[in-house]
Amino acid sequence: MEGCEKLEERNIRLTEMEAVCLNSVPVFDGGDECEDEGDCSIMDQDDEISETHSQKERPPPTVGLEFESFDEAYDFYNVYAKEQGFGIRVSNSWFRSKRKERYRAKLSCSSAGFKKKSEANNPRPETRTGCPAMIVIKLVDSKRWRIVEVQIQHNHPVSPDVKRFYKSHKKMILAAKKAQQLEPVMEVHTIKLYRTAAVDVLDNGYSDVDKREARRNHVHSKHLELKEGDAHAVYNYFCRMKLTNPNFFYIMDLDDEGRLRNVFWADARSRAAYSYFYDTIRIDTTCLASKFEIPLISFVGVNHHGQSILLGCGFLGHDSVEYFIWVFRALLSCMLGRPPHVIITDQSKALQTAVSVVFPEACHCYCLWYIMQRVPEKLGGLNGFEAIKTQLHKAVYDSLKISEFETFWGDMIGRHGLGDNKWLQALHEDRQKWVPVYLKDIPLAGMIPIEENKGLTAFFDGYVHKHTSFKEFVDKYDLVLQRKYLKEATGDLESRNSNFELKPRCKFELQLSRVYTKEIFKKFLSEVEGMYSCFNTRQVSVNGPIITYVVKERVEVEGRDKEVRNYEVLYETTQVDIRCICSLFNFKGYLCRHALNVLTYNDVEEIPSRYILPRWCKDFKRRYPLDYDTVDDIDANDPVQWYNHLYRRVIQVVEQGAQSQQHCKAALQGLEELLHKFSIVEADSLF
């Protein structure tokens with residue numbers, strides 16, 4: 001742990017935050033560059049400088065576009081104005097009184113407003129028309145300028161074919177002459193970039209293998225292989241999401257040559273879901289390990305219905321320690337620095353190292369299903385494979401005690417002469433990370449299948465195959481998420497309106513039917529039904545308030561007749577604490593049939609609240625709203641804190657509004673009233 005802590009401290013210095021523009025060359029280098037939508041080096045013919053025309057028409061100003069500076073925003077609108085045939089001017093500016101810092105401005109058509117009346121004998125004729133065309137830009141995060149209001153229509157004729165001289169265009173000409181060639185103005189929002197330094201990683205606690213790998217990666221930098229159409233598809237998706245979904249987060253990593261190496265993103269719903277269900281997550285790297293065309297990495301959690309939910313996605317240019325560290329740090333940045341408690345991954349040394357660096361306090365487990373899927377590949381060519389497989393499954397799935405596992409494993413190795421098998425040796429060395437008998441104290445929320453015949457379905461299963469392109473994936477992405485969200489919303493509705501036809505089989509059914517969501521209650525009912533396969537519950541020892549029981553159960557075994565197993569259950573009488581040797585409560589989050597039998601044996605009327613996990617309750621999101629600061633704790637000069645505070649409160653309104661049609665109408669009415677107020681109140685009067 002000490003070595004990991006030192007490695008963590010040094011690696012904090014690896015992250016350097018920069019701002020880049022998504023369509024700046026060569027972000028998408030290699031055959032599919034993101035072309036500029038227009039050329040800002042537009043110069044007047046009277047100055048003997050030819051005007052450059054873009055092949056594509058520059059898009060109009062849109063609410064949400066962001067710029068690195070006020071001047072960049074001004075230049076963007078000025079170039080657009082010249083192409084359309086009108087001039088611009090700064091018609092209004094707002095400054096902070098103490099620092100004299102501009103934080104808001106209105107850029108208007110040069111025909112906006114009217115001139116003051118002149119008392120001169122021969123006043124100049126009125127040329128202004130009171131034109132409403134304008135944009136309002138606002139400083140956000142104390143460093144970026146965002147378009148927050150747009151009016152495109154003019155009340156006078158404008159045409160790009162009409163050559164007319166405007167003062168604002170003269171500024172462009174003078175700047176062009178001075179620089180000879182004006183750099184293109186980037187008209188899209190800026191993004192944050194992590195640039196990692198592999199050379200600094202080499203002597204910070206990595207093994208010799210990891211050092212050689214990092215050196216090799218540094219010399220031959222890996223990047224995303226984008227085909228024709230991929231770059232623009234990703235670019236357009238991010239732009240569209242940022243404009244329509246203000247809490248959409250994305251971040252990019254470029255190599256020293258400006259080529260795209262890694263990408264991470266998460267939409268607003270994923271960020272909200274993470275706040276509720278971040279305790280246990282699975283990192284799916286199947287596409288990386290299987291060499292899919294898209295090197296997709298997915299962060300997956302489980303919601304209050306036991307359904308898989310997406311918490312974030314990324315594309316990685318290479319499955320190495322450095323790249324995994326980058327995407328894990330991106331996840332932390334997106335989720336405001338809140339790390340998961342339990343992380344489940346494939347068996348990978350690179351993942352193990354990266355998790356220990358970025359999430360040193362998390363419990364890292366390997367997914368049992370991933371490992372067992374490789375058994376035919378790794379052992380299928382051995383003599384007596386079927387017998388080896390049977391003994392391996394017995395050791396993994398049937399062991400209730402560590403001593404039993406070690407005995408079964410040793411017998412398998414010795415009987416089949418597998419002492420030199422490198423894969424089995426590695427599995428045994430890592431056994432504390434994947435064998436169920438070693439994971440009994442870890443809350444896994446049902447995310448690791450511990451039954452022999454249970455599988456695992458990837459979040460994008462059925463939508464992604466080995467040859468799915470970046471463009472195809474982005475096109476399908478929204479569809480997948482919408483179907484998942486609809487499934488969750490349906491589960492919420494069914495859980496609120498469900499009336500279970502209960503049979504008096506167990507005292508606890510009525511209690512939990514009122515609490516659990518429908519899907520979790522159905523899973524709990526399978527344990528209630530399983531109580532009838534248990535028999536002969538008997539007390540075997542007493543140690544003060546702790547009583548040990550043995551519950552016998554007839555268990556179906558594949559390929560064999562039913563066999564009887566003994567399950568030890570510890571019962572503490574004063575606090576009504578209970579624990580079964582099968583540890584189903586930690587694996588899945590609800591009590592097992594053996595514990596229920598012991599509670600019934602002791603005439604316990606209700607399951608203690610500590611054994612009813614809030615994350616499985618139908619009103620979980622209402623009972624445990626997102627954390628938020630009080631208004632007094634918010635820095636009045638920090639727009640980021642305003643945003644985060646408001647976002648958390650609005651999520652509460654959404655959750656409450658979705659409870660019924662009446663709630664929904666009330667929420668919509670309240671939001672409409674707020675929007676009306678915002679339209680007539682200046683932003684600087686809010687604080």
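Two strands count as paired if DSSP finds at least two bridges between them. The exercises below apply this to a predicted model.

**Exercise 1. Place strand β9 among its partners.**

Task: find which strands are joined to β9, and state which residue stands opposite Phe264 in β12.

Solution.
- Step 1. Start with β8, residues 249-254, which is joined to β9 by six bridges, the two strands running antiparallel. Within this pairing, Ile251 has Phe264 of β9 as its bridge partner.
- Step 2. Look at the turn. The hairpin of β8 and β9 has five residues between the strands, and Gly258 there takes a positive phi near 85 degrees.
- Step 3. Go on to β12, residues 308-316, which is joined to β9 by four bridges, again antiparallel. Opposite Phe264 in β12 stands Gly314.
- Step 4. Check the surroundings of β9. Its residues, 260-266, are buried in seven cases of seven, so the strand is largely enclosed by the rest of the structure.

**Exercise 2. Describe the open sheet that ends in β18.**

Task: give the strand order of the sheet and explain why β15 and β18 are edge strands.

Solution.
- Step 1. Write down the order: four strands, β15-β16-β17-β18, make an open sheet with antiparallel pairing.
- Step 2. Count partners at the ends. β15 (534-543) and β18 (577-580) each have a single partner strand, so each has one side without a neighbour in the sheet.
- Step 3. Add the twist, which averages 25 degrees from one strand to the next.
- Step 4. Inspect the last pairing. Strand β17, residues 563-572, is connected to β18 by four bridges. One residue of β17 can be followed across: Val569 has Cys580 as its bridge partner in β18.

**Exercise 3. Decide whether Ile578 is buried or exposed, and list what it touches.**

Solution.
- Step 1. Locate the residue: Ile578 belongs to strand β18.
- Step 2. Compare its accessibility with the cut-off. The relative accessibility of Ile578 is 7%, and buried means under 20%; Ile578 is therefore buried.
- Step 3. Collect the contacts, leaving out residues up to four places away in sequence. Ile578 touches Val569, Leu570, Tyr571, Leu591, Ala595, Val598, Leu599 and Tyr611.
- Step 4. Note one further distance: the C-alpha atoms of Ile578 and Ile546 are 9.3 Å apart, with their positions 32 residues apart in sequence.

**Exercise 4. Characterise the ring pair of Phe585 and Tyr611.**

Solution.
- Step 1. Choose the two quantities. A pair of aromatic rings is described by the distance of the centres and the angle of the planes.
- Step 2. Begin with a pair for comparison. In Tyr237 and Phe238 the ring centres are 6.0 Å apart and the planes stand at 55 degrees, so this pair is tilted. Both Tyr237 and Phe238 are buried.
- Step 3. Turn to Phe585 and Tyr611. Their centres are 5.3 Å apart and their planes stand at 80 degrees, so the pair is edge-to-face.
- Step 4. Place the two residues. Phe585 is in helix α18 (residues 584-588) and Tyr611 in the loop between α19 (593-601) and α20 (620-623); the pair links distant parts of the chain, 26 residues apart.
- Step 5. Add the burial of Tyr611, which has a relative accessible area of 9% and is buried. Tyr611 is also one of the residues that Ile578 touches.
- Step 6. Return to Tyr237 and Phe238, which are members of one aromatic cluster that also includes Trp265 and Phe315.

**Exercise 5. Explain why Cys131 and Cys582 are not in disulfides.**

Solution.
- Step 1. Recall the cut-off: the two sulfur atoms of a disulfide lie within 2.5 Å.
- Step 2. Test Cys131. Its closest cysteine sulfur is in Cys109, 3.9 Å away, which is too far for a bond. Cys131 is buried, at 4% relative accessible area.
- Step 3. Test Cys582. Its closest cysteine sulfur is in Cys580, 3.5 Å away, also too far for a bond. Cys582 counts as buried at 17% relative accessibility.
- Step 4. Set this against the total: the structure holds zero disulfides.

**Exercise 6. Describe the surroundings of Ser108.**

Solution.
- Step 1. Ser108 lies in strand β4, residues 101-109, and is buried at a relative accessible area of 2%.
- Step 2. Its side chain makes a polar contact of 2.7 Å with the side chain of Ser91.
- Step 3. Beyond four places in sequence, the residues in contact with Ser108 include Gly87, Ile88, Ala133 and Met134.

Key. Residues are numbered from 1 along each chain as its sequence is written. This is a predicted model: local features need pLDDT of at least 70, side-chain atom pairs count only at pLDDT 80 or more; totals for chains, interfaces and linings use all residues. Side-chain values use heavy atoms; hydrogens and water are left out. Axes are lines fitted to C-alpha atoms, for helices over the stretch in contact, and angles run from 0 to 180 degrees between N-to-C directions. Buried means under 20% relative accessible area, exposed over 50%, partly exposed in between (1.4 Å probe, protein chains only). Contact means heavy atoms within 4.5 Å. A polar contact is a pair of N or O atoms within 3.5 Å; within protein, one must be able to donate a hydrogen and the other to accept it, and residues adjacent in sequence count only if both atoms are side-chain atoms. Rings of Phe, Tyr and Trp (its six-membered ring) pair if their centres lie within 6.5 Å; planes under 30 degrees apart count as stacked, over 60 as edge-to-face and the rest as tilted.
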